[in-house]
Amino acid sequence: MVIAGFGCRAEATSESFRSALAATGMRPDALAVPADRAGVITPFAEAEGLAVLRIAADLLKGVDTPTHSSISMAARGVGSVAEAAALAAAGPGARITVARVISSDRMATCAVAQGPEE
C-alpha cells in the first residue's frame with residue numbers, strides 16, 4: 001500500500017495539500033494525517049477520492065524519520081510529521097519512498113511511504 005502522509009498547519013487549504021502531493025509525483029492509495037488535523041484535509045481527500053487515515057499523536061512520537069524539522073520536533077516530538085504519519089499508516093516494515101516535501105504556500109508537508117509487499 002502506498003500512503004501519502006501529511007503534516008500541516010491548521011490554516012492549510014486543499015490547494016496546500018494538492019501542491020504538496022503534486023511535488024511527490026505519486027498517486028497514493030490513501031492519505032495519513034495526525035488525528036487532530038483530519039478535518040483540515042478531509043475536503044481535499046474527498047475531492048481526490050482518497051480515504052483519510054487518522055494517526056494518533058502517540059503513534060507519531062519517536063518514529064525515526066529521514067528528515068528532521070525543528071518545528072515538527074517542537075510541535076509533535078518527531079523529525080517529520082508527514083514521514084511519521086506515512087510510516088505509521090503503511091505499517092511495520094514500511095519505508096519512505098519520497099521524503100518530506102513542502103507545499104508552495106508552506107502550509108503543508110507530504111511524504112510517501114510504501115508498505116511491505118504482501
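Biologist: In this predicted model, what kind of crossing does H1 make where it passes H2?

Modeller: The crossing of H1 past H2 is right-handed. Helix H1 covers residues 14-24 and helix H2 covers residues 38-48, and the two pack at an angle of about 60 degrees with 8 Å between their axes.

Biologist: Which residues of H1 and H2 make the contact?

Modeller: Contact here means heavy atoms within 4.5 Å. From H1 come Ser14, Phe17, Arg18 and Leu21, while H2 supplies Val40, Ile41, Pro43, Phe44 and Glu48. By character, the residues of this contact divide into 6 nonpolar, 1 polar and 2 charged.

Biologist: Turning to empty space, how much of it lies in the largest pocket?

Modeller: Rolling a probe the size of a water molecule over the atoms shows where empty space is left. In this structure the largest pocket holds about 440 Å³ of space. Its lining counts 18 residues, of which Arg9, Ser69, Ile71, Ser72 and Thr109 are the closest to the centre.

Biologist: Which elements give two or more residues to that lining?

Modeller: They are strand S1 (2-8), helix H4 (70-76), helix H5 (81-90), strand S4 (95-102) and strand S5 (108-114), and H4 gives the most, with 4 residues. The residues of the lining divide into 9 nonpolar, 4 polar and 5 charged.

Biologist: Which residues does UniProt list for a domain?

Modeller: An unreviewed UniProt entry lists residues 3-113 as "domain: CobE/GbiG C-terminal". In the model, the end C-alpha atoms of residues 3-113 lie 5 Å apart, and the span is 39% helix and 27% strand.

Note on methods: Residues numbered from 1 in each chain as written. Predicted model: local features only at pLDDT ≥ 70, side-chain atom pairs only at ≥ 80, totals over all residues. Heavy atoms only, no water. 1 Å grid on protein atoms, 1.4 Å probe; cavity = no way out; pocket = protein on both sides within 12 Å on 5 of 7 lines; lining within 4 Å. Points joined across faces, edges and corners; volume = space filled by probe spheres on them. Nonpolar A, V, L, I, M, F, W, Y, C, P; charged D, E, K, R; others polar. UniProt positions renumbered as here; feature names shortened; annotations may be inferred. Axes fitted to C-alpha atoms, helices over the stretch in contact; angles between N-to-C directions. Left-handed = near helix turned anticlockwise from the far one by under 90°.
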